[in-house]
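This report looks at how helices pack in one model, which of their residues are buried, and where a backbone angle departs from the common pattern. The sequence and the structure come first.

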Amino acid sequence: MRHTAFRSAMAQEFGRVRAEMLARDHVFSELGGRTVNQALEAGVEPRQAWRAVCDAFDIPAERR
């Protein structure tokens, strides 16, 4: 998954504004106690970040 595909999936799932806020503000234990933006900047793969978001927000399998 590329960064652009990740951002697109976030926007489709949460809406553009909420996705941006979530990526900036929500801390995920699965990402080492970092936000999505921090994790991506630290080199975490977008697919791993997406899995963390899906797990935290109970995104159904068909949208993962």
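## The segment after H4

Just after H4, Asp-58 adopts a positive phi of about 50 degrees. The model is a predicted one, and this angle, like every other value in the report, should be read with that in mind. Most residues other than glycine have a negative phi. Asp-58 has its positive phi although it is not a glycine.

Asp-58 lies in the segment that follows H4, and Asp-58 is exposed, because its relative accessible area is 64% and anything over 50% counts as exposed. From C-alpha to C-alpha, Asp-58 and Glu-41 are 24 Å apart in space, with their positions 17 residues apart in sequence.

## H1 against H2

Two packed helices are described by the angle between their axes and the distance between the axes. For helix H1, residues 3-14, and helix H2, residues 16-25, the angle is about 120 degrees and the axes are 7 Å apart. That angle makes H1 oblique to H2, since it falls outside the 65 to 115 degrees that count as roughly perpendicular and is not over 145, where roughly antiparallel begins. The crossing of these two helices, H1 and H2, is right-handed.

On the H1 side, the residues that meet H2 are Arg-7, Met-10, Ala-11 and Phe-14, and their counterparts in H2 are Arg-16, Arg-18, Ala-19, Leu-22 and Ala-23. Sorted by character, the residues in the contact of H1 with H2 comprise 6 nonpolar and 3 charged ones, with no polar residue.

## H1 against H4

H1 also packs with helix H4, residues 46-56, here at an angle of about 20 degrees and with the axes 9 Å apart. That makes H1 roughly parallel to H4, because angles under 35 degrees count as roughly parallel. The crossing of H1 and H4 is right-handed.

The contact is formed by His-3, Phe-6, Ala-9, Met-10, Glu-13 and Phe-14 from H1, together with Pro-46, Ala-49, Trp-50 and Val-53 from H4. In the contact of H1 with H4 there are 8 nonpolar residues, 1 polar and 1 charged.

## Buried residues of H2 and H4

Which residues of H2 are buried? They are Ala-19, Leu-22 and Ala-23. These residues cover an arc of only 95 degrees around the axis, which puts them on the same side of H2. An α-helix has 3.6 residues a turn, so residues three or four places apart point the same way. The partners against which the buried residues of H2 pack are H1, strand E1 (27-28), strand E2 (34-35), helix H3 (36-41) and H4.

In H4, the buried residues are Pro-46, Ala-49, Trp-50, Ala-52, Val-53 and Cys-54. Among the elements that cover the buried residues of H4 are H1, H2, E1 and H3.

## Residues in E2 and H3

Thr-35 belongs to strand E2, and Thr-35 counts as buried because its relative accessibility is 5%, where buried means under 20%. Not counting residues up to four places away in sequence, Thr-35 touches Ala-23, Arg-24, Asp-25, His-26 and Val-27. Ala-23 is also one of the buried residues of H2.

Two residues of helix H3 can be set side by side: Ala-39 is found there, and so is Gln-38. Is Ala-39 buried or exposed? Ala-39 is buried, because its relative accessible area is 0%, whereas Gln-38 counts as partly exposed because its relative accessibility is 42%. Leaving aside neighbours within four places in sequence, Ala-39 is in contact with Leu-31, Arg-34 and Val-44. The C-alpha atoms of Ala-39 and Cys-54 are separated by 15 Å, the two residues being 15 residues apart along the chain. For Gln-38 and Val-27, which are 11 residues apart along the chain, the C-alpha separation is 9.3 Å.

Technical notes
Residues are numbered from 1 along each chain as its sequence is written. This is a predicted model: local features need pLDDT of at least 70, side-chain atom pairs count only at pLDDT 80 or more; totals for chains, interfaces and linings use all residues. Side-chain values use heavy atoms; hydrogens and water are left out. Axes are lines fitted to C-alpha atoms, for helices over the stretch in contact, and angles run from 0 to 180 degrees between N-to-C directions. Helices (H or I, at least four residues) and strands (E, at least two) are DSSP runs, numbered from the N terminus. A crossing is left-handed if the near helix is turned anticlockwise from the far one by less than a right angle, and right-handed if clockwise. Contact means heavy atoms within 4.5 Å. Ala, Val, Leu, Ile, Met, Phe, Trp, Tyr, Cys and Pro count as nonpolar, Asp, Glu, Lys and Arg as charged, and the others, Gly among them, as polar. Buried means under 20% relative accessible area, exposed over 50%, partly exposed in between (1.4 Å probe, protein chains only). The arc is that of the directions from the helix axis to the C-beta atoms.
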